[in-house]
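Please take a moment to look over the chain before reading on. The paragraphs after it are meant for someone who is meeting this structure for the first time.

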Amino acid sequence: MTQDRRAQLAANLAQVEDRIAAACAAAGRRRDEVTLIVVTKTYPASDVRLLAELGVRHVAENRDQDAAPKAAECADLPLTWHFVGQLQTNKVRSVVSYADVVQSVDRPKLVDALSRQADGAGRELGCLIQVALDAEVRGSGDSGVAATGERGGVAPEAIEELADRIADAPGLWLGGLMTVAPLAGPYAGRERAAFERLMDFSTTLRAAHPAANMVSAGMSADLEHAVAAGATHVRVGTAVLGVRPRLG
Ligand SMILES: *Cc1c(COP(=O)(O)O)cnc(C)c1O
């Protein structure tokens with residue numbers, strides 16, 4: 001069983017690696033400009049262990065209930081853990097205990113809670129601001145309610161303030177931006193344009209925070225678009241681990 005699974009994961013990883021390498025070549029980028037993060041949500045700790053043996057160094061999870069025990073079981077592995085799901089403040093203590101980077105930072109209250117926990121634990125936690133590209137047009141008609149995207153994240157207008165808050169917060173470092181290609185709004189079905197828009201926001205962000213150069217975009221279905229647009233991190237689940245039994 002384990003041998004079969006190992007061979008399957010190795011073959012899938014090789015395919016994803018080929019895709020990333022081809023996308024880098026097509027974009028005239030060096031392969032080492034793009035980091036692969038394998039999204040292991042819904043899959044067991046045994047898969048995480050096999051992935052680590054196969055050379056994976058970055059994994060991501062989106063739900064604390066699943067991630068916390070998995071990370072504990074895999075604490076001996078040389079892995080960087082990314083949290084990419086919507087995060088409630090009552091889960092912050094747990095998430096800070098294993099995550100190295102939270103990619104889904106989307107509100108000031110969450111920044112404050114992450115800072116308090118990370119600083120208290122003597123940790124330095126990376127933070128990416130999740131940008132909702134479908135919140136951009138919504139804001140105006142929404143009678144003053146702060147716009148959030150279908151799939152989480154902040155409206156682009158909120159990036160600057162959130163970035164300053166993270167940069168000033170003890171225990172946190174500002175990594176950059178993350179997005180999920182929107183299902184609604186002007187960028188629905190236009191992944192390349194969506195990711196290029198995210199790059200514009202990254203350029204603006206880096207003018208004020210030069211070290212915040214991470215751009216996390218692209219999943220199994222659209223990683224080529226993300227690499228073409230300039231992403232530094234792609235988050236791939238299905239193409240490595242297989243189709244998830246249920247939505248995770
Ligand atoms: C699940 C998930 C991914 C990976 O998606 P796949 O289509 O399985 O590659 C990437 N990013 C986030 C935020 C996710 O929740």
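What follows is a walk through a predicted model, beginning with two helices and ending with the ligand.

Helix α1 covers residues 2–27, and its 26 residues reach 37 Å from the first C-alpha to the last, which is close to the 38 Å expected at 1.5 Å a residue. Along this helix the buried residues are R5, L9, N12, L13, V16, I20, A23 and C24. These buried residues pack against several other elements, namely the strand β1 (35–39), the helix α2 (45–53), the helix α9 (223–229), the strand β8 and the helix α10 (238–241). After α1 comes G28, which has a positive phi, near 65 degrees.

Helix α5 can be read in a similar way. It comprises the 13 residues 108–120, for which a rise of 1.5 Å a residue gives an expected span of 18 Å, and the C-alpha atoms at its two ends are indeed 18 Å apart, so the two values agree. Within α5 the residues L110, V111, A113, L114, S115 and A118 are buried, and the cover over them includes α4 (92–98), β4 (101–105), β5 (125–131), α7 (159–168) and β6 (172–179). Just after α5, G122 takes a positive phi of about 70 degrees.

The next stop is the stretch that leads into strand β8. In the loop between α9 and β8 lies T232, which counts as buried because its relative accessibility is 16%, under the 20% cut-off. Which residues does T232 touch, if those up to four places away in sequence are not counted? They are R29, E33, V34, T35, N213, M214 and V215. With V215 there is also a polar contact, since a polar atom of the side chain of T232 lies 2.8 Å from the backbone nitrogen of V215. E160, by comparison, is 72 residues from T232 in sequence and 20 Å from T232 in space, taken from C-alpha to C-alpha.

Strand β8 itself spans residues 233–236, and H233 is located in it. Is H233 buried or exposed? With a relative accessibility of 9%, H233 counts as buried, because that value is under 20%. Once its neighbours within four places in sequence are left aside, H233 is in contact with T35, I37, M214, V215, S216 and A217. T35, M214 and V215 are among the residues that T232 touches as well.

A further residue to look at is T42, which sits in the loop between β1 and α2. Its phi is near 75 degrees, a positive value in a residue other than glycine. T42 counts as partly exposed, because its relative accessibility of 23% falls between the cut-offs of 20% and 50%.

The last part of the walk concerns the ligand, which is surrounded by V39, K41, V84, M219, S220, R235, V236, G237, T238 and R244. Sorted by class, this shell has 4 nonpolar, 3 polar and 3 charged residues. Some of these residues place polar atoms beside oxygen atoms of the ligand: a polar side-chain atom of K41 lies 2.7 Å from one such oxygen, a polar backbone atom of G237 is 2.8 Å from a ligand oxygen, and an N or O atom in the side chain of R244 is likewise 2.8 Å from an oxygen atom of the ligand. Taken alone, the ligand exposes 390 Å², and the protein buries 88% of that area.

Conventions
Residues numbered from 1 in each chain as written. Predicted model: local features only at pLDDT ≥ 70, side-chain atom pairs only at ≥ 80, totals over all residues. Heavy atoms only, no water. Helix = DSSP H or I, 4+ residues; strand = E, 2+ residues; numbered from the N terminus. Buried < 20%, exposed > 50% of the residue type's maximum accessible area, 1.4 Å probe, protein only. Contact = heavy atoms within 4.5 Å. Near = heavy atom within 4 Å. Polar contact = N/O pair within 3.5 Å; in protein donor to acceptor, adjacent residues only side chain to side chain. Areas by Shrake-Rupley, 256 points an atom, 1.4 Å probe, with all protein chains shown as cover. Nonpolar A, V, L, I, M, F, W, Y, C, P; charged D, E, K, R; others polar. Expected span 1.5 Å × (residues − 1).
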